[in-house]
Amino acid sequence: MGMTLAEKILAAHCGRDRVSPGELVNARVDFVMANDVTAPIAIREFQKLGVERIFDPQRVAFIPSHFIPNKDIQSAENAKFMREFAIAQGAVYFEQGRAGVDHVLLPDGGWVLPGDVVVGADSHTCTYGALGCFATGMGSTDIACAMATGDIWMRVPPTIKFVYHGKLSRWVGGKDIIIYTIGDIGVDGALYCAMEFHGEALAELGMEGRFTISNMAIEAGGKAGLMVPDDKTLAYVRARAKRDWKVYQPDPDAAYQEVREYDLSALEPMVALPSSPANAMPLSKAPRVDIDQVFIGSCTNGRLADLRLAAEVIKGRQVHSRVRCIVIPASHEVYLQALREGLLETFAEAGCAVATTTCGPCLGGYMGILAEGERCVSTSNRNFPGRMGHVRSEVYLANPAVAAASAVVGKLAGPEEVLG
Amino acid sequence: MSLRGHVYKYGANVDTDAIIPARYLNVNDAQELAQHCMEDIDAGFAGNVQAGDVMVATTNFGCGSSREHAPLCIKAAGVSCVIAKSFARIFYRNSINIGLPILECDEAVDGTDAGDELEIDLESGAIRNLTKGTAFQAKPYPEFMLELMRAGGLVEYTRRRLAAKTG
């Protein structure tokens, strides 16, 4: 019996010919990351380990992203503590004005690559799986130890294979595919499992849409969300890789825990209604509720392709007078490119509030907190009660075109309604 | 080690935003975090919980973010053990790593109500419901996890490993 993509990568990282689901292995890690929320705890734990240096400064990154630019004194102290450690260690570090949301910044910078094992102190570390690597989120203590040793214990997960057939309709992309999938299997439908994504519908997507899918593997409980690299992946990687990489393929006779096949040719834009990412519904069947806020950004949908899509819908129109539309490019590089393409001007002219990069509103950190009873259409990844503010506020997860259309209409709405 | 306390019971998919909302994530002090533990879904919890009390929940407890603040604040609140039908995997790792005991046991979850008094033997996984006079057996820990727990958590385990390597 052959191995899945996750098993192939893990076997190669523990010096074994093969590994099987359920086995505990000690895997070498190619890259480790933490951010301004998780690094302070990780660094304090690191300092208890009795070592002076991180295992490899070019393979450990510290990213100011969540409460950055500093939202208050405590956040500033955390950011300072992380910065001083990162600089003293000579680790990979990006200051504000060059930084970005972790999971946009690291792949775009060529720091995480196909075939890697990546561990990050952030649950959306699984985003990088779209490159054909095994990337998984962990807590600060695990990351502290990985920073010191360059390895990590893991239980080899069983793999569920998802195959997406059909040609996607206009305005349907990675966000809709993954919300549809989570709606089908539930928020623990892939608990402890690797998700391996395949199919011709996936092949049609650009890298941005693929990152969106892998990003939300954790929303189904998944440990990782992997894709097999193709020509698009390799073109993306070649343009930015900081070091060598290796492409792994699953064996044709790999043993999957389950194979799920979907025909997506009739898939509409999807919305995850409050208060679970699994509360999935086609937009046409979703209630046309009045909204107070729209957020376009995050590690899920704050990339250039996402901003282009939203700008296409909102160009020449105005955000509804009752609504605030907050647009946050997910990295400084994305911000700069969106500026050059005129996208930021389009958003500003439409009455959007365009801000510098931060995770801020996605996790109810700052820069767009919801009051009691308020509703937000968000391109982010979670809509648990209180996720973006008051526990009795509501978050509707959607793709960037739906978010932009909703900002114009003032209700949950689709792009065709706006474009006519 | 034997633990004893009263039950706080929750449902499925208790997420990390419910355990400790992100508005407190710039706080690193576990005792301060504990004052806000569960506040959005159980406002009385932090004020009422007694040292030794037990959290019981159904499936996918601790889903969502990787924040270690979640098990840290549960532990600092005085909770001696969390029993669930299943845990989200990052929460599971974090709990073992920081020394918050967690057990998986379907029958104990189904057979326990809020306020019941439980007695738990961690090494064997034996759970007794003293209020109802019933007994349950949790899934055993894999040997490696026991090794981690005996060492006092991942940091101490790794410190010893590194010390042995550099000799």
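Helices and strands here are DSSP runs, a helix having at least four residues and a strand at least two, and they are numbered from the N terminus. On that basis A:Ser275 sits in the loop between strand E12 (270-272) and strand E13 (280-282) of chain A. The peptide bond that leads into this residue from A:Pro274 is cis, with omega near 0 degrees. The model is a predicted one.

Chain A is divided into domain 1 (5-262) and domain 2 (271-419). The centres of domain 1 and domain 2 of chain A, taken over C-alpha atoms, are 24 Å apart. Where the two domains meet, the contact takes 35 residues from domain 1 of chain A and 32 residues from domain 2 of chain A. On the side of domain 1 of chain A that touches domain 2 of chain A, helix H4 (102-108), H6 and helix H8 (207-215) of chain A each supply at least two residues. Of the elements on that side, H6(A) gives the most, with six residues. By residue class, the side of domain 1 of chain A that touches domain 2 of chain A divides into 14 nonpolar, 13 polar and eight charged residues.

One of the helices on that side, H8(A), can be looked at residue by residue. Nine of the nine residues of H8(A) are buried, so this helix is largely enclosed by the rest of the structure. The buried residues of H8(A) include A:Glu208 and A:Arg210, and also A:Met207, A:Phe211 and A:Ile213.

Strand E3 (residues 60-63) of chain A is buried too. In a regular strand the side chains alternate between the two faces of the sheet. In E3(A), A:Val60 and A:Phe62 point one way, A:Ala61 and A:Ile63 point the other way, and all are buried. E3(A) runs parallel to strand E2 (residues 31-35) of chain A, and four bridges join the two. In this pairing, A:Phe62 of E3(A) is the bridge partner of A:Ala34.

The loop between E3 and helix H3 (73-89) of chain A contains A:Pro69. The peptide bond that joins A:Ile68 and A:Pro69 is cis, with omega about -10 degrees.

Another backbone feature of chain A is found at A:Tyr192, in the loop between helix H6 (174-185) and strand E9 (194-198). Phi of A:Tyr192 is near 65 degrees, a positive value in a residue other than glycine. A:Tyr192 has 18 other C-beta atoms within 10 Å and is partly exposed.

Chain B offers a counterpart in B:Met38, which is not a glycine but has a positive phi of about 65 degrees. B:Met38 belongs to the loop between helix H2 (30-34) and helix H3 (45-48) of chain B. With 24 other C-beta atoms within 10 Å, B:Met38 is buried.

Chain B as a whole has eight helices and seven strands. The radius of gyration of chain B is 16 Å, close to the 15 Å that the globule rule gives for 167 residues, so chain B is as compact as a globular protein of that length. Along the principal axes, the C-alpha atoms of chain B fill a box of roughly 55 × 40 × 25 Å. Buried residues make up 48% of the 167 residues in chain B. Of the contacts in chain B with a separation of 6 or more, 65% are between residues 24 or more positions apart.

The two chains also meet each other. Their contact takes 36 residues from chain B and 44 residues from chain A. On the side of chain B that touches chain A, the elements that give two or more residues are helix H1 (16-19), helix H5 (89-98) and helix H8 (154-166) of chain B. The residues of that side divide into 15 nonpolar, twelve polar and nine charged.

The last feature is the nonpolar interior. The largest nonpolar core has 210 residues, and those with the most contacts inside it are A:Val271, A:Val294 and B:Ile83. This core draws at least three residues from each of domain 1 (5-262) and domain 2 (271-419) of chain A. Leaving aside neighbours within four places in sequence, A:Val271 is in contact with A:Met281, A:Leu283, A:Ala286, A:Tyr396, A:Leu397, A:Ala398, A:Val402 and A:Leu412.

Terms used
Residues numbered from 1 in each chain as written. Chains lettered and ligands numbered in written order. Predicted model: local features only at pLDDT ≥ 70, side-chain atom pairs only at ≥ 80, totals over all residues. Rg over C-alpha atoms; globule rule 2.2 N^0.38 Å. Buried ≥ 20, exposed ≤ 12 C-beta atoms within 10 Å, placed from the backbone. Contact = placed C-beta atoms within 7 Å. Nonpolar A, V, L, I, M, F, W, Y, C, P; charged D, E, K, R; others polar. Core = buried A, V, L, I, M, F, W, Y, C linked by C-beta atoms within 7 Å. Domains from an automatic or database assignment. Pairing = 2+ DSSP bridges.
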